[in-house]
Amino acid sequence: MPPVTEPPAPSAARDVGRVFDRVLRSVEALSADAAGLVRAAVARGARPAAGDLAALREGVLGVLGEHGPLVTGAGFVSAPDVLDDAPLWLEWWQAGDGPDPERLVVDLDPASRGFYDYTGRPWFTVPRATRGPHVHGPYVDHHGTDQYILTMSAPVLDGGRFLGITGADLPLRQVEKTALPLLPPGAILLNPQGRVIVSRSARHVTGSLLRRLDVTAADRAPAPVEVPDGGGTLARCGGLRLYLLTP
């Protein structure tokens, strides 16, 4: 049997980046579609309504079909008061147990005990603040699948106005299946806070935090950077702020 060839670190970072960038391109295409729906309503002399967002369904289901099973949920989440008839709104669809995706329904009544105030969630607040894409997690999706997931999101903008986000949910078990074969031995895939997403290191498990690691050093470098004190090399993976730490 021939020996197994392990991927080198720079190649692994590129390969992992391509996986997430493909999903990100689909999410950003949804953003363009959502902004177009808002502009079309304004051109008619009206504010957009929740019913107008039904036109996004085909694109959302296309994302689920193209990227499943890595992506199990996708859609648009409105900024407050963008829609005429709904102060808050999720046009979000999930792959369920049946053959067809199902729309996610959550409690958006501020007076209710079960109110889901998504406006404080990092997958919403970071794109709103930075006007750029973001990946949040891993975390437990208590308001959707109850699974450990990553949420990728991108802002929906009309000129300088923030209209909301589009996004995709990636179950961690599928991220592991996809990313682990691309990683060298001992390598760790990290989120923007230095938290472990996927690991081939026995020392670091998913969800653990590397507190002393400055991942932003890789943002400024065209190639993997050396981590001080023999900590290995660090490389950014694609357009999102994901990082590969390799011993």
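# Chat about two sheets, a cavity and a pocket

Trainee: How many cavities of 30 Å³ or more does the structure hold?

Mentor: This is a predicted model, and it holds 1 cavity of 30 Å³ or more. About 110 Å³ of space lies in that largest cavity.

Trainee: Which residues are closest to the centre of the largest cavity?

Mentor: Trp92, Tyr116, Trp123, Asp141 and Asp169 are the closest to the centre, out of 13 residues that line the largest cavity. By type, the lining divides into 8 nonpolar, 3 polar and 2 charged residues.

Trainee: And which strands supply at least two residues of that lining?

Mentor: Strand 2, residues 90-94, and strand 5 each do.

Trainee: How do you even find empty space like that?

Mentor: Rolling a probe the size of a water molecule over the atoms shows where empty space is left.

Trainee: OK, let's zoom out. How many helices and strands does the protein chain have?

Mentor: The protein chain has 4 helices and 11 strands. Its C-alpha trace spans about 65 × 40 × 35 Å along the principal axes.

Trainee: What does the radius of gyration say about the chain?

Mentor: The protein chain has 19 Å, and a compact globule of 247 residues would have a radius of gyration near 18 Å, so the value agrees. As for burial, 48% of the 247 residues count as buried. Contacts between residues at least 6 apart in sequence are worth a look too: 51% of them join residues at least 24 apart.

Trainee: Now the sheets. What is the strand order in the open sheet of 6 strands?

Mentor: The order is 3-2-1-6-5-4, and the pairing is antiparallel. Strand 3 (102-103) and strand 4 (134-140) stand at the edges with a single partner strand each, so one side of each has no neighbour in the sheet.

Trainee: What about strand 1, is it enclosed or open to the outside?

Mentor: Strand 1, residues 73-78, is largely enclosed by the rest of the structure, because 6 of its 6 residues are buried. Gly73, Gly75 and Val77 point one way from the strand, while Ala74, Phe76 and Ser78 point the other way, and all are buried.

Trainee: Which strands does strand 1 pair with?

Mentor: On one hand, strand 1 pairs with strand 2 in the antiparallel sense over 5 bridges, and there Val77 stands opposite Leu90. On the other hand, strand 1 pairs with strand 6, again antiparallel, over 6 bridges. In that pairing Gly73 stands opposite Asp169, and Asp169 is also one of the residues closest to the centre of the largest cavity.

Trainee: Is strand 2 covered or exposed?

Mentor: Mostly covered, with 5 of its 5 residues buried. Leu90, Trp92 and Gln94 point one way from strand 2, and Glu91 and Trp93 the other way. So you can place Trp92 in two settings: it is buried in strand 2, and it is among the residues closest to the centre of the largest cavity.

Trainee: And how does strand 2 meet strand 3?

Mentor: Strand 2 and strand 3 pair in the antiparallel sense over 2 bridges. The bridge partner of Trp93 in strand 3 is Arg103.

Trainee: How many bridges join strand 5 and strand 6?

Mentor: Strand 5 (residues 148-158) and strand 6 (residues 161-171) pair antiparallel over 10 bridges. One of the partnerships there is Leu157 with Phe162 in strand 6.

Trainee: Switching to the open sheet of 5 strands, what is its order?

Mentor: That order is 8-7-11-10-9, with antiparallel pairing. Strand 8 (196-199) and strand 9 stand at the edges, each with a single partner strand, so one side of each is left without a neighbour in the sheet. Further in, 3 bridges join strand 7, residues 188-190, to strand 11, and the two run antiparallel. Leu189 stands opposite Leu244 in strand 11.

Trainee: Last topic, pockets. What volume does the largest pocket have?

Mentor: About 480 Å³. The largest pocket is lined by 22 residues, and Leu210, Leu213, Val227, Gly231 and Leu245 lie nearest its centre.

Trainee: Which elements give two or more residues to the lining of the largest pocket?

Mentor: Strand 9 (225-226) and strand 11 (243-246) do. The pocket lining divides into 10 nonpolar, 7 polar and 5 charged residues.

Notes. Residues are numbered from 1 along each chain as its sequence is written. This is a predicted model: local features need pLDDT of at least 70, side-chain atom pairs count only at pLDDT 80 or more; totals for chains, interfaces and linings use all residues. Side-chain values use heavy atoms; hydrogens and water are left out. Two strands pair if DSSP finds at least two bridges between them. On a 1 Å grid over the protein atoms alone, a cavity is a set of points where a 1.4 Å probe fits but cannot get out, and a pocket is an open set with protein on both sides within 12 Å along at least five of seven lines; lining residues have an atom within 4 Å of a point. Grid points are joined across faces, edges and corners, and a volume is the space filled by probe spheres set on the points. Ala, Val, Leu, Ile, Met, Phe, Trp, Tyr, Cys and Pro count as nonpolar, Asp, Glu, Lys and Arg as charged, and the others, Gly among them, as polar. The radius of gyration is taken over C-alpha atoms; the globule rule is 2.2 Å times the number of residues to the power 0.38. Buried means under 20% relative accessible area, exposed over 50%, partly exposed in between (1.4 Å probe, protein chains only). Contact means heavy atoms within 4.5 Å.
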